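Me: Please take a close look at how one pair of helices packs in this model. I would like the geometry of the pair, the residues that form the contact, and the nonpolar cores of the structure treated in one connected account.

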Amino acid sequence: MVYILLGTGFEEMEALVPLDLMRRAGISVMTVGVNGKTVYGGHSIGVEADITIDEMDLTDLEMIVLPGGLGGVASVRASKPAMDALQFAWENEKYIGAICAGPTVLADLHITDGKQAVCYPSCEAQMGSAHILTHIPCIQDGTVITGTSAGCAVPFGLALISALKGEADAKEIEKQIVIR
């Protein structure tokens, strides 16, 4: 199971585009409301989460995804269950995806220490000892996949698919959505 954490103020594109792409690829994905069942993103778009943070079952976790959005990131930082879930994923060698400001939470947990990573340009100083790359939409280093920004949501979502199902499946979804 893939869980996408939705904290109040999350960046809608960074959550919903990867969600859509992964479901197209046949991946089991659930959205997780960190602050309740209905979560409003940074642009006041309300999303009814599949489950709340208290309902998340980490025993079947394959990947956890953290969208950006400064409010969403602050909501996750303020949630012990959300932070514990990210730590659990890291300690149990599960995939962790984070995009935009999301990778800064991984830096807080020392998950990106020594890893190649990308994030929103103004967040780079908050990335601790990660090796920050620029001018690319996303990168995978081991089980950690980071994306740069909302404008990189499609390549980020495809990278998540590639990690879970392989490059061929990601290429098939890319073909279906007609990227030129």
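Reply: In this predicted model, helices α1 and α5 are oblique to each other, because their axes cross at roughly 45°, an angle that is neither under 35 degrees nor within 65 to 115. Helix α1 spans residues 12-24 and helix α5 residues 153-165, and their axes come within 8 Å. The crossing by which α1 passes α5 is right-handed. On the α1 side, the contact is made by M13, E14, V17, P18, L21 and M22. Helix α5 contributes A153, V154, F156, G157, L158, L160 and I161. By character, the residues of this contact comprise 11 nonpolar, 1 polar and 1 charged.

The nonpolar cores can be considered next. The largest has 32 residues, of which Y3, L5, M56, I64, V76 and L86 touch the most other members. Two or more residues of this core come from each of β1 (2-6), β6 (63-66), α2 (70-77), α3 (80-91), β7 (95-99) and α4 (102-108). Helix α3 supplies the largest share, 5 residues. For Y3, the contacts beyond four places in sequence are M30, V32, I51, M56, D57, D60, L61, M63, I64 and V65. A second, separate core holds 27 residues, including M22, V65, L160 and A163. Two of these residues tie the second core to the helix pair: M22 of α1 and L160 of α5 both take part in the contact between the helices. V65, also in the second core, is among the residues that Y3 touches.

Notes. Residues are numbered from 1 along each chain as its sequence is written. This is a predicted model: local features need pLDDT of at least 70, side-chain atom pairs count only at pLDDT 80 or more; totals for chains, interfaces and linings use all residues. Side-chain values use heavy atoms; hydrogens and water are left out. A nonpolar core is a set of buried Ala, Val, Leu, Ile, Met, Phe, Trp, Tyr and Cys residues joined through side-chain atoms within 4.5 Å. Buried means under 20% relative accessible area, exposed over 50%, partly exposed in between (1.4 Å probe, protein chains only). Helices (H or I, at least four residues) and strands (E, at least two) are DSSP runs, numbered from the N terminus. Contact means heavy atoms within 4.5 Å. Axes are lines fitted to C-alpha atoms, for helices over the stretch in contact, and angles run from 0 to 180 degrees between N-to-C directions. Angles under 35 degrees count as roughly parallel, over 145 as roughly antiparallel, 65 to 115 as roughly perpendicular and the rest as oblique. A crossing is left-handed if the near helix is turned anticlockwise from the far one by less than a right angle, and right-handed if clockwise. Ala, Val, Leu, Ile, Met, Phe, Trp, Tyr, Cys and Pro count as nonpolar, Asp, Glu, Lys and Arg as charged, and the others, Gly among them, as polar.
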